[in-house]
Amino acid sequence: MDDLRLGLVLNAVSPAVGGVLVRGEKGTAKSTAVRALAALMPDVDVVAGCRFSCAPGAPDPGCPDGPHEPDAGTARPARMVELPVGASEDRLVGALDIERALADGVKAFEPGLLADAHRGVLYVDEVNLLHDHLVDLLLDAAAMGASYVEREGVSVRHAARFLLVGTMNPEEGELRPQLLDRFGLTVEVAASREPEQRVEVVRRRLAYDDDPAAFAARWADEETALRERIVTARSLLPRVELGDAALRQIAATCAAFEVDGMRADIVMARTATALAAWAGRTDVAEEDVRRAALLALPHRRRRNPFDAPGLDEDKLDETLEQFGGNDQQDPEPDPDPDGGPDGPDGGPDGGGGIPPQGQGPDSGPPERRENEPAEAPSGGPGPGAGEQAAVRAAEPFRTKTLSVPGLGEGAAGRRSRARTEHGRTTGARRPRGALTKLHLAATVQAAAPHQRARGRSGPGLVVRRDDLRQAAREGREGNLVLFVVDASGSMAARRRMSSVKGAVLSLLLDAYQRRDKVGLVTFRGTGADVALPPTSSVDAAAARLEELPTGGRTPLAAGLLKAHDVLRVERLRDPSRRALLVVVTDGRATGARGADALALASRAARLHAAEGTAAVVVDCETGPVRLGLAGNLARELGGTAVTLDELRAESIAGLVRDVQAATTPGNSTVRNRRAA
């Protein structure tokens with residue numbers, strides 16, 4: 001966890017670095033480490049009684065609690081404010097009492113988490129699962145250093161400058177690029193594979209459980225020394241000089257790795273300066289620039305969601321050497337900040353930007369040669385299935401929207417129409433619970449007939465709670481896109497399977513952009529396998545797809561029944577998330593001797609149709625003679641069929657209309673068009 005400790009400490013030294021994103025597998029104490037940062041942050045001077053933590057020397061002139069008189073202020077510990085993934089918009093930005101604003105003209109504002117986090121740390125656990133509308137609010141506050149709350153013409157603004165720290169497990173999905181770029185640094189965390197280190201982790205945890213107070217006392221001196229070193233580095237920071245040679249190296253490095261925009265250059269400069277101050281130096285050395293690059297650039301190099309973050313260190317060293325200057329100084333030895341039981345590697349900067357074990361850019365599994373056989377997925381059909389080597393996917397392409405018909409009420413996303421808290425206003429209703437979005441015209445209309453009975457005598461409108469109307473809004477939701485992929489021998493032709501994988505990869509990219517959950521069921525040999533249970537991680541689905549071998553019989557019915565089981569469980573887990581079934585097959589079906597495989601597949605398909613599951617069949621049949629079996633399957637599913645050729649480029653545009661029309665009662669023309 002050396003990189004993690006270093007990234008957190010650098011942000012404590014220089015909050016201008018811009019926060020840190022912690023990526024890592026589950027059970028690696030990411031949250032524990034982040035929460036420990038608050039105890040190391042220096043105290044903050046605030047205006048007494050100000051709910052928005054104004055600085056006594058320079059209070060915010062627009063503070064809702066202001067104006068503030070000159071005040072010496074009071075010191076309090078820096079805050080670590082946690083933003084829950086399921087928080088509401090009002091909990092994040094604050095809430096206005098609309099009823100008092102309309103009736104009395106009073107701005108009654110209750111501050112939210114952004115106000116609490118001002119001049120402190122805002123921590124988001126599982127940040128990759130944060131709803132889009134909260135992400136938008138975070139981006140606005142991070143960009144402007146202020147939070148704005150607007151409700152029907154009533155406006156409140158307050159300062160909101162905070163250190164943004166997030167943790168995430170990449171298996172559960174990636175971050176939006178805009179939010180990813182807002183994190184100054186990123187670090188990878190993995191559990192140690194060294195038995196002795198794992199033993200020490202368990203020993204310390206058990207010691208803490210036995211006596212938390214004694215455990216804390218054991219480390220109190222080291223923690224105090226670390227806090228004092230942070231304060232010393234903060235005081236040294238203004239005197240650190242960033243020379244022209246270091247700036248050239250920073251600019252050259254960002255250009256060499258083709259990062260977007262200029263934020264990376266600025267973050268690298270601030271990080272290198274903080275590293276020098278942390279080491280007790282007043283000049284930025286080449287090693288500072290190198291460490292800064294390893295922390296600030298990996299997450300800014302991704303070009304699509306399937307790219308793993310990382311940095312080519314050989315290329316980095318070549319760039320630094322090429323643009324190095326004579327005014328660079330060798331860094332002085334970095335003293336051990338802990339000096340405790342951790343030993344020489346125990347300090348917060350012990351890792352020096354080196355990628356953790358098993359998480360570096362070169363640590364993944366070696367690429368498989370084209371003719372080298374792949375291992376079957378765990379739980380797959382196993383030996384005797386006629387397995388053939390996995391082939392690489394063709395280049396993905398841009399697709400048009402596939403949507404589920406009707407109006408849903410699922411989680412916010414960008415695919416299908418849904419009733420949401422955000423979007424265009426379509427009507428008004430009585431609020432259920434707290435009022436969140438006022439429909440002003442409907443509220444005035446409800447209150448107007450009662451003004452004389454309520455004794456109205458002046459220009460103000462007499463409004464009661466029963467008059468308030470909630471705005472009904474329509475936006476977009478994310479769906480569960482479940483892929484059912486035929487991996488049997490009939491699909492094993494290298495060119496065909498490559499095209500099939502390319503098509504599925506393209507739809508996965510579309511699912512990533514539209515904030516869907518995805519799942520993957522494959523069938524071949526003697527049965528079907530859930531290659532990937534429904535998840536928000538489309539890159540995990542892409543990895544499973546890339547490894548997918550082919551061969552054996554075509555148990556189409558087993559694949560459809562397995563998909564039915566997956567969707568049944570997901571409906572219990574998340575009833576509001578609607579599903580889109582994407583079956584990728586040529587429509588052929590084989591099974592045990594004497595069984596009518598096509599009839600069994602038709603019965604399985606009708607199960608999906610009976611439950612109203614929206615479905616698309618991607619017809620992979622090729623050649624001059626076609627049996628049209630995929631079209632028959634689409635009719636049984638109550639969906640539509642599309643060929644691989646039609647899936648490319650603009651040809652997919654008609655699919656939205658086809659999916660919607662195919663599930664409309666009485667519209668048999670569209671349903672039969674593909675089969676004809």
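**Exercise 1. Find how many salt bridges the structure holds, then look at the one between aspartate 2 and arginine 5.**

Step 1. This is a predicted model, and the structure holds 30 salt bridges.

Step 2. Side chains of opposite charge can pair when their charged atoms come close.

Step 3. For aspartate 2 and arginine 5, the N to O distance is 2.6 Å. The two residues are 3 apart in helix H1 (residues 2-13), so about one helical turn separates them.

Step 4. Buried would need under 20% relative accessible area. Aspartate 2 has 23% and is therefore partly exposed; arginine 5, with 27%, is partly exposed too.

**Exercise 2. Work out which parts of the chain the salt bridge between arginine 417 and glutamate 474 links.**

Step 1. Start with the contact: the closest N and O atoms of arginine 417 and glutamate 474 are 2.8 Å apart.

Step 2. Now place the partners. Arginine 417 lies in strand S12 and glutamate 474 in strand S14, so this pair, 57 residues apart, links distant parts of the chain.

Step 3. Check accessibility: arginine 417 is partly exposed at 36%, whereas glutamate 474 is buried at 13%.

**Exercise 3. Describe the sheet that contains strands S12, S13 and S14, and find its edges.**

Step 1. Read the order: S12-S14-S13, an open sheet of 3 strands with antiparallel pairing.

Step 2. S12 (412-420) and S13 (424-429) each have a single partner strand, so they stand at the edges. From one strand to the next, the twist averages 30°.

Step 3. Follow one pairing: S13 and S14 (residues 470-477) are joined over 5 bridges. Glycine 427, for instance, has alanine 472 in S14 as its bridge partner.

Terms used: Residues numbered from 1 in each chain as written. Predicted model: local features only at pLDDT ≥ 70, side-chain atom pairs only at ≥ 80, totals over all residues. Heavy atoms only, no water. Pairing = 2+ DSSP bridges. Helix = DSSP H or I, 4+ residues; strand = E, 2+ residues; numbered from the N terminus. Axes fitted to C-alpha atoms, helices over the stretch in contact; angles between N-to-C directions. Salt bridge = Lys/Arg side-chain N within 4 Å of Asp/Glu carboxyl O. Buried < 20%, exposed > 50% of the residue type's maximum accessible area, 1.4 Å probe, protein only.
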